[in-house]
Amino acid sequence: MLKKKMIRDIRRHKTQFLSIFLMAFLGVFVFAGVGGESVGLEVNVDKFYDDTNLADGWIYSNYINDLFLEQVNCLGATNQMERQLVVDSIADFSNDPEITLHFVENNTISKFYLIDGEPVDINDKNGVWLDKSFADAKGLKVGDNITFKFEDYKIEKEIKGIGYSPEYVYHASQSSVIPDFSKLGFAYMSYKAFPGDTVPYNVLNVKFDGTAENYNDLLDYHMDGYYNSFVERSEHTSVSQFSEEIDQHQMMAGIFPVVFILIAMLILLTTMTRIIAHQRTQIGILKACGFKDKSIMLHYISYGFWLVLIGSILGLIIGPMTLPKLFYPSMSSTYILPSWNPAWSMNFVYVALAMILMSLLVSYFAF
Amino acid sequence: MSTIIEFKNVDKIYKSGDHILKAMDNVNFTIDEGEFVVILGPSGAGKSTLLNLLGGLDMLTSGEIIVNDNHIEEFSDNQLTDYRAKNVGFIFQFYNLIPNLTALENVELMKDIVDVDINGLEVLESVGLKDHADQFPAQLSGGEQQRVSIARAVAKQPTMLLCDEPTGALDSKTGVLILNLLQDMSNNQGTTVVIVTHNAILAHAADKVIRIKNGQIECIVINENPKKVADLEW
């Protein structure tokens, strides 16, 4: 019977309890929604990096020959290496788009991620594997030819595949923060496609054990003077830019819900204080009839509890299903990932539980 | 009839700073099972204090209160709550029904605290309010609300009904109806009824009258031939 009383009391103060429900819902909805979006970014990009075996670091040098390789291999911490020649070129289009060419030795580190066409063939001298964003912007497809000009060379290759690269999740020119995919891109080719006699490799992609700091110290100690610079993964432009984007989203996920949750608790506190003060006589009657103090307290504590619980559950369900869909389209115009799926974290449940617990405490203190 | 309630040398003292108020002063009396007892006294005599002590809503300062061979002065809070749930039915001057529960729901509220099988409609019928079962207190007259209050109190089949000025907020005609109902419960169902009032006329209908003044028992009168409430000249 006390449940009926509770429901009717809530109905009587429906404006306040609706506000409590909405704020509780919004708090968890935003936290789980933006959280699902940011956790999803992290999960999706980590999977992309894993699938493509993104390098742990890049060693830049003027000429990376076999001796250089041997020296890096002897560092002990190195467990995988691949040479590349990375050069900037201009593609043969009216707007002179800048295409970064990667002449890869074996496509085992920072691999090309194929979307359409054939997998990268190291023995193919005539093929190019092209940035999908650039291809879409230029209406290029598998089978088309494309010409690149760099240094004194002009080469024409057939597009064998279209896809992504883990090193170009974010790729913008120096003059613009927002990428214009019609003006820049990247392309992968076999080292055999290089037009010169020997390939002047200038980047060594490495995978290593231990921390980047330790590896940097090893390089410094053993190979100082033999290389120009070492860039660890976290310092890579694309990786760091995307990582900062995730951090910003995570911050947003944390800050906004706090406001909603605090408002919900404040309204709950004032509403329950008023209801309990107004019902002091009823509380006395219930005690006189023989209701235990604990039963009466549980009765009043449950007012906010059920609404916050229902609001939280709805927020947990609807948030990750809807909010990421608002963010991802605009994100995908700046960042390039093969998949954009929200992800789940138990933190969402913990925050919802914390809020439910807070509602119990707030009602308890109102009592 | 056996003794069901006994007050032995009961004192109740309230302290407020240096001020001491002796609300009960060496109170001694007994009440038998099924008696219709009226406690009379002027305002501030200690009538409500006596009722609260008997009902387990307050704790005495010294003495003994024995109900059904249980020393309730030794009860813990939980035991007192249990005692009230199973043994006491309170009826107050201002009805004190739960306003957003119907008449039936107010009666069946007692199902939450006792194991007794309660048929709310039957209980309401016994007080003549079966047809008003689905009405809220605001839709009932004062007399009807008080009858619902009585139904709520008797629904859990308590050992005693404790009534604090049950007709204080009612007109005399309605008051007579209520008192009639309470007297019938005492005479026909064997329920011990204790009524606190300042209306001396009711004394003629009681089996026992306990007069109290300044926290002390003035006298205890036993009526050999108590009158029917309906026969009293109000």
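The exercises below work through the contacts, domains, cores and sheets of a predicted model.

Residues are numbered from 1 along each chain as its sequence is written, and chains are lettered from A and ligands numbered from 1 in the order in which they are written. In this predicted model, local features need pLDDT of at least 70 and side-chain atom pairs count only at pLDDT 80 or more, while totals for chains, interfaces and linings use all residues.

**Exercise 1. Describe the side of chain B that touches chain A.**

Step 1. Apply the contact criterion: C-beta atoms, placed from the backbone, lie within 7 Å. The contact then takes 17 residues from chain B and 15 residues from chain A.

Step 2. Assign these residues to elements, where helices (H or I, at least four residues) and strands (E, at least two) are DSSP runs numbered from the N terminus. On the chain B side, α2 (77–87) and α3 (103–108) of chain B are the elements that give two or more residues. The most comes from α2(B), with 4 residues.

Step 3. Sort by class: Ala, Val, Leu, Ile, Met, Phe, Trp, Tyr, Cys and Pro are nonpolar, Asp, Glu, Lys and Arg charged, and the others, Gly among them, polar. The side of chain B that touches chain A has 8 nonpolar, 4 polar and 5 charged residues.

**Exercise 2. Split chain A into domains and characterise the contact between them.**

Step 1. The bounds come from an automatic or database domain assignment. For chain A it gives domain 1 (2–49 + 241–366) and domain 2 (62–227).

Step 2. Taken over C-alpha atoms, the centres of domain 1 and domain 2 of chain A are separated by 47 Å.

Step 3. In the contact, 10 residues of domain 1 of chain A meet 9 residues of domain 2 of chain A. On the domain 1 side, α2 (14–51) and α6 (237–278) of chain A each supply at least two residues, and α2(A) gives the most, with 3 residues. By class, this side of domain 1 has 8 nonpolar, 2 polar and no charged residues.

**Exercise 3. Locate the largest nonpolar core.**

Step 1. A nonpolar core is a set of buried Ala, Val, Leu, Ile, Met, Phe, Trp, Tyr and Cys residues joined through C-beta atoms within 7 Å. Buried here requires 20 or more other C-beta atoms within 10 Å of the residue's own, with C-beta atoms placed from the backbone.

Step 2. The largest core has 73 residues, and B:Ile39, B:Val107, B:Ala151, B:Leu161 and B:Val194 have the most contacts inside it. Helix α5 (residues 142–155) of chain B brings the largest share, 6 residues.

Step 3. Beyond four places in sequence, B:Ile39 touches several residues, among them B:Lys47, B:Leu50, B:Val194 and B:Ile212.

**Exercise 4. Trace the 6-strand sheet of chain B and place helix α1(B) on it.**

Step 1. Strands pair if DSSP finds at least two bridges between them. The open sheet runs β6-β7-β8-β3-β9-β10 (chain B), with mixed pairing. Its edge strands, β6 (88–91) and β10 (216–222) of chain B, each pair on one side only.

Step 2. Strand β9 (residues 208–213) of chain B pairs with β10(B) in the antiparallel sense over 6 bridges. Across this pair, B:Ile212 stands opposite B:Ile217.

Step 3. For angles, axes are lines fitted to C-alpha atoms, for helices over the stretch in contact, and angles run from 0 to 180 degrees between N-to-C directions. Helix α1 (residues 47–54) of chain B lies across β3 (36–40), β7 (160–164), β8 (192–197) and β9 of chain B, at about 150 degrees to β8(B).

Technical notes
Contact = placed C-beta atoms within 7 Å. Buried ≥ 20, exposed ≤ 12 C-beta atoms within 10 Å, placed from the backbone.
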